[in-house]
Amino acid sequence: MEAIILVGGFGTRLRPLTHTVPKPLLPLANIPMVERMIRNLPEVFDTAILAVNYGLKDMKEYFKGRDVGKKVVLVPEDEPLGTGGAMRNCIDYVTGTTAVFNGDIVSSIDLNKMLEQHIRTKAKGTLALWKVADPNRFGVVEFKNGEILQFQEKPEKGTELSNLINAGTYLLEPEILEMIPPKQKISIEREIYPKVAGEGLHGFPFEGYFIDAGTPESYLEANFKSIGNNGTAAHTGANIRGSVMIHENAKLEHCIIGPKAIIGPNVKLEKCIIRNSVILSDVNGYGSVVEESIIGPNIKFEEDVNRSLISPKGQITF
Ligand code: GDD
Ligand code: MG
């Protein structure tokens, strides 16, 4: 069984970080976002199909010869085909019921349970649904007795049908992929789901957490969630507070790490306090307090920073 992961976006809101690393390869608790998604796929999935556009070269290089627990197929697009066009572009690699993921989502969804429901209800498609207070930035559904009766993508504020949004995780039968015209830019959310709604499109509401890791704030949050139960309890040179993850290669001296901090590989820090922050690989830091910031890869710092994203291509304050 195959899972398509849509990883074509530019990661605009994470610039300048995404000028040097494509978003799917940005780490969450020291493992690239897309690799985490692949590793988290239930056993029934043997293949991950990555619908790639921006960042193809880096992704090819990353996955070449690397064992991530599943077969990985990269399917490139010459031009961005949109969410639907990108899925359709993968059709030759699909053998039946397919899972599709927006590549920027970190969630607590139980895919096995969702698959069990999808099969039991004989749905054409099942969409994971999440409740939010402010739904207009998302796909919004009218949901009744397990079925999605209407789908609206990013509706005007005040016109939303409900508080239930499309959580960017789908199980689809081949007939839905076949509805998408080939070789065209198509949004599945704008052009296909509204048509299938009321005609066998089901919903799978879930609870726990749902994070679209596309902004500096949500990227930090997704990192801290991804620590899970694999946090670091002790590391030479670090006084650890709360939940943190420190890469085994990191060299720390007289540092206070946490609460909530990720320290990447080949990082060297001396006399630093790191809180609510992600320090990416190969960073060198001295004598600083770092709070709510993302730093790296390959950066030197010697000043206190707060709410900043600092990468080799520049810095923003968020
Ligand atoms: N290959 C490929 N080609 N992937 C693409 C393309 C493309 O042309 N365009 C977008 N994607 C990928 C993005 O990389 C992302 O992983 C996913 O498709 C969704 O695109 P976003 O640009 O992140 O959409 P969004 O966040 O505004 O809205 C989507 O996600 C919401 C949940 O976070 C929609 O699916 C909404 O309905 C949904 O509520
Ligand atoms: Mg998104």
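So, the lining of the second largest pocket: by class, that's 12 nonpolar, 9 polar and 2 charged residues. Keep in mind as we go that this is a predicted model. That lining is made of 23 residues, and the ones nearest the pocket's centre are R36, M37, N40, V106 and S107. If you want to find the place by its secondary structure, look for helix 2 (33-39), strand 6 (98-102), strand 7 (105-107) and helix 8 (216-227), since each of these elements gives two or more residues to the lining. As for the space inside the second largest pocket, we're talking about 500 Å³.

Okay, on to the largest pocket. How much space lies in there? About 1,000 Å³. It has 38 lining residues, and G9, T83, N102, D104 and K154 are the closest to its centre. Split by class, the lining of the largest pocket comes out at 13 nonpolar, 14 polar and 11 charged. The elements supplying at least two residues each are strand 1, helix 4, strand 11, helix 7 (188-196) and strand 13.

Now, where does ligand 1 sit? In that largest pocket. And these are the elements that put two or more residues into the shell around ligand 1: strand 1 (2-7), helix 4 (82-88), strand 11 (164-172) and strand 13 (210-212). Which one gives the largest share? That's helix 4, with 3 residues.

Let's zoom in on the ligand itself. There are 24 residues around ligand 1, and E77, G82, E153, N166 and E189 come nearest. The shell divides into 10 nonpolar, 8 polar and 6 charged residues.

There are some polar contacts to show you as well. On the side-chain front, K154 has an N or O atom 2.8 Å from an oxygen atom of ligand 1. You've met K154 already, as one of the residues closest to the centre of the largest pocket. N102 is another of those, and an N or O atom in the N102 side chain is 3.0 Å from an oxygen atom of the ligand. With A51 the backbone is involved: one of its N or O atoms there lies 2.9 Å from a nitrogen atom of ligand 1. And how much of ligand 1 does the protein cover? On its own the ligand has 730 Å² of accessible area, and the protein covers 85% of that.

Last bit: some backbone oddities. As a reminder, most peptide bonds are trans, and most residues other than glycine have a negative phi. Here, the bond from R15 to P16 is cis, with omega near 10 degrees. You'll find P16 in the loop between strand 1 and helix 1 (17-20). The peptide bond from G258 to P259 is also cis, this one with omega near 0 degrees. P259 is in the loop that runs between strand 17 (255-257) and strand 18 (261-263).

Then there's N145, which isn't a glycine but has a positive phi, near 45 degrees. To spot N145, go to the loop between strand 9 (139-144) and strand 10 (147-153).

Note on methods: Residues are numbered from 1 along each chain as its sequence is written. Chains are lettered from A and ligands numbered from 1 in the order in which they are written. This is a predicted model: local features need pLDDT of at least 70, side-chain atom pairs count only at pLDDT 80 or more; totals for chains, interfaces and linings use all residues. Side-chain values use heavy atoms; hydrogens and water are left out. A residue is near a molecule or strand if one of its heavy atoms lies within 4 Å of it. A polar contact is a pair of N or O atoms within 3.5 Å; within protein, one must be able to donate a hydrogen and the other to accept it, and residues adjacent in sequence count only if both atoms are side-chain atoms. Accessible areas come from the Shrake-Rupley method with a 1.4 Å probe; for residues, only the protein chains shown count as cover. On a 1 Å grid over the protein atoms alone, a cavity is a set of points where a 1.4 Å probe fits but cannot get out, and a pocket is an open set with protein on both sides within 12 Å along at least five of seven lines; lining residues have an atom within 4 Å of a point. A molecule sits in a cavity or pocket if more than half of its atoms lie within 2 Å of its grid points. Helices (H or I, at least four residues) and strands (E, at least two) are DSSP runs, numbered from the N terminus. Ala, Val, Leu, Ile, Met, Phe, Trp, Tyr, Cys and Pro count as nonpolar, Asp, Glu, Lys and Arg as charged, and the others, Gly among them, as polar. Grid points are joined across faces, edges and corners, and a volume is the space filled by probe spheres set on the points.
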